[in-house]
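Got the viewer open? Load the model, switch to cartoon, and keep the selection box handy.

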Amino acid sequence: MPKLVEKTGSRPPWVGLAAAIWVQMAAGTASTFPLYSAALKSVLGFNQQQVTILGVAGELGGNMGLLPGYASNMLPPWEMLLIGISSCFLGYGVLWLSLSQIVHDLPFWLLFIALVIATNSCSWFMTTSLVTNMRNFPMSRGPLAGLLKALIGISGAAYTVLFSMLLHHSASNLLLFLTVGIPVLCLASMYFIRPCVPATGEDPSEPVYFAFLLGTSILLAAYLVVTTVVSEVYSLPSVLRYVLVAVMVLFLFSPLAIPIKMTLFRSNVKSSSDNLAKEEGESPQEEPLLISSTSDSNLGSPLKGDDVSDMDILLAEGESGILKNKRKPRRGEDFKVGQVFVKADFWLLWFAYLLGMGSGVTVSNNLAQIGFAYGIKDTTVLVCIFSFFNFTGRLASGALSEHFVKSRMLPRTLWMGASQLVMVFTFLLFAMAIDHTIYVATALAGIGMGFQLLSIATISELFGLRHFGINFNVILLANPIGASLFSALLAGYIYDKEAEKQGNPTCIGPDCFRVTFLVLAGVCGLGTLLTVILTVRIRPVYQALYASGSFKLQPQSAGH
């Protein structure tokens with residue numbers, strides 16, 4: 001398999017991250033389901049359980065990342081993006097042909113498969129962006145993972161702006177945009193997302209740059225919410241609509257300010273990657289998308305007896321010509337997926353994520369129907385609120401957990417548990433159906449769902465970066481499983497039963513989802529308990545990993 005030459009220097013990683021931000025915004029296509037689910041139901045004559053099953057198809061495709069995770073060790077980023085582009089074009093193309101009535105009477109199972117293929121493109125896009133940049137910025141895992149995952153959360157609001165301002169609330173036009181526009185965008189970004197020689201020491205400017213990216217993303221999120229609300233309340237002229245969309249595009253270009261600044265105002269301090277390249281005579285290194293992690297060499301005194309990396313062991317034993325018993329990895333070192341499966345901590349994290357994320361997805365997939373049931377005729381604002389606060393949860397979780405993991409060595413799972421406890425009260429608030437509290441409950445559900453993605457940074461810290469691509473995608477498989485259990489089998493079934501009692505295909509009133517919300521409150525209570533147990537178990541690992549106040553990587557040996 002051909003390998004991609006790693007770029008050296010301090011600017012290429014930031015250019016690649018800027019391109020990855022566009023890809024991450026594109027990778028949120030699964031969040032557009034509430035925008036066209038009502039059209040699927042009315043045009044194609046589906047009942048609510050069929051619609052929720054299609055919602056599960058979207059979650060299944062978006063989180064079916066084992067193949068992209070495995071491929072991330074084998075393929076360069078551009079090939080992975082090309083696979084995602086192909087599945088996006090094919091899957092959404094079939095949905096567009098069906099909804100626009102160009103092709104009639106497509107079977108339900110074919111639409112299910114098409115939606116799985118379409119949203120599976122998100123997994124290819126996300127894995128490419130996340131894995132490549134986690135390797136390019138190994139000492140900023142928390143802020144980086146929070147930023148990239150947050151962008152997927154806010155992409156729903158961006159699609160809502162496009163849906164209401166440029167696509168005239170047309171589900172058919174939206175699907176056409178997803179079929180053609182997203183592949184074109186990812187093709188344009190393909191060249192810039194590539195592995196670079198990572199910094200091996202602390203770069204004082206890196207936290208400042210990430211703070212800038214976080215700040216601009218927050219401004220973008222706030223702008224999208226305000227723009228959506230204004231466009232729904234007032235009738236805006238076409239010219240103003242185009243101007244507002246253009247401002248959104250300018251926000252998305254703002255990350256390029258970092259490499260531009262680095263070009264115009266060069267720092268006298270050489271980055272460690274520049275020094276590494278100079279020491280090696282500027283000779284490019286060829287590496288696969290994921291190179292081996294050195295996290296095992298960074299553990300503090302509790303793991304001091306095992307401070308030799310796997311590569312060091314292999315080199316030492318290779319020189320002597322003898323390959324002897326190689327010990328099994330310990331938490332904080334590199335685990336293969338088979339080794340991860342036998343760890344109790346992995347399964348505690350997996351089930352906690354299933355309960356928390358499955359509950360949030362149930363709200364997300366049924367948001368349009370929840371709004372209708374509570375008497376809200378236009379649910380576009382609800383979708384935007386959920387997207388904004390989901391973005392806020394993803395972003396805040398990365399920054400908050402990073403602060404406390406470095407200052408107090410507290411595991412990130414502590415915040416997953418705290419957010420699930422908040423979700424317990426959120427679902428009780430949904431169930432009580434007090435006037436206007438649906439907006440508050442929707443916001444809290446978005447925040448709680450965003451915090452569950454702390455599992456991504458956690459999996460990299462507990463089980464290393466070498467096989468991170470496939471390990472975190474195994475975690476993400478809990479997402480569609482939770483959606484199947486709580487959205488399709490629970491929420492969809494209860495909704496249709498209540499609608500049947502009313503003698504109407506559209507259920508109206510709090511009873512449509514009350515039982516579902518009470519069950520989800522109990523589910524999140526169990527998830528809180530699991531995260532508490534996990535946090536207690538892994539606290540010593542974090543005390544070892546962050547004993548010095550930061551997760552420091554040692555310089556990699558030449559040729560490694």
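What follows is a walk from the whole chain down to a few residues worth clicking on.

**The whole chain**

Before you select anything, keep in mind that this is a predicted model. Colour by secondary structure and you should be looking at 23 helices and 2 strands. The protein has 560 residues, and 59% of them count as buried. Now turn on contacts, leaving out pairs under 6 apart in sequence: of those that remain, 85% join residues at least 24 apart. Switch to a surface view next. About 21,800 Å² is exposed, with carbon and sulfur atoms supplying 68% of that.

**Stop one: N136**

Select residues 108-136, which make up helix α6, and go to N136. Is N136 buried or exposed? Its relative accessible area is 5%, so N136 is buried. Show the side chain and look for R194: the backbone oxygen of R194 sits 3.3 Å from a polar atom of the N136 side chain.

**Stop two: a nonpolar patch**

Go back to the surface and select F253, L256, I260, L264 and F265. Together these residues make a nonpolar surface patch of about 520 Å². Click on F265, and you land in the loop between α11 (257-264) and α12 (272-279). With a relative accessible area of 59%, F265 is over the 50% cut-off and therefore counts as exposed.

**Stop three: the cysteines**

Now select every cysteine and show the sulfurs. How many disulfides does a search of the whole structure find? The search turns up 1. Zoom in on C507 and C512, which are the two joined by a disulfide, with an S to S distance of 1.9 Å. Which hand does this disulfide have? The torsion about the S-S bond is about -90 degrees, so the disulfide is left-handed. Toggle the surface on and off here: C507 is buried at 0% relative accessibility, and C512 is buried too, with a relative accessible area of 0%.

For a contrast, move to C88, which is in no disulfide. Draw a distance from its sulfur to that of C186, the nearest cysteine sulfur, and you get 7.1 Å. That is beyond the 2.5 Å that a disulfide allows, so the pair does not qualify. C88 is buried, with a relative accessible area of 0%.

Last click: C524. This cysteine is buried as well, at a relative accessible area of 0%.

Note on methods:
Residues numbered from 1 in each chain as written. Predicted model: local features only at pLDDT ≥ 70, side-chain atom pairs only at ≥ 80, totals over all residues. Heavy atoms only, no water. Helix = DSSP H or I, 4+ residues; strand = E, 2+ residues; numbered from the N terminus. Buried < 20%, exposed > 50% of the residue type's maximum accessible area, 1.4 Å probe, protein only. Contact = heavy atoms within 4.5 Å. Areas by Shrake-Rupley, 256 points an atom, 1.4 Å probe, with all protein chains shown as cover. Polar contact = N/O pair within 3.5 Å; in protein donor to acceptor, adjacent residues only side chain to side chain. Patch = residues over 30% accessible without salt bridge, like charges linked within 9 Å, V, L, I, M, F, W, Y side chains within 5 Å. Salt bridge = Lys/Arg side-chain N within 4 Å of Asp/Glu carboxyl O.
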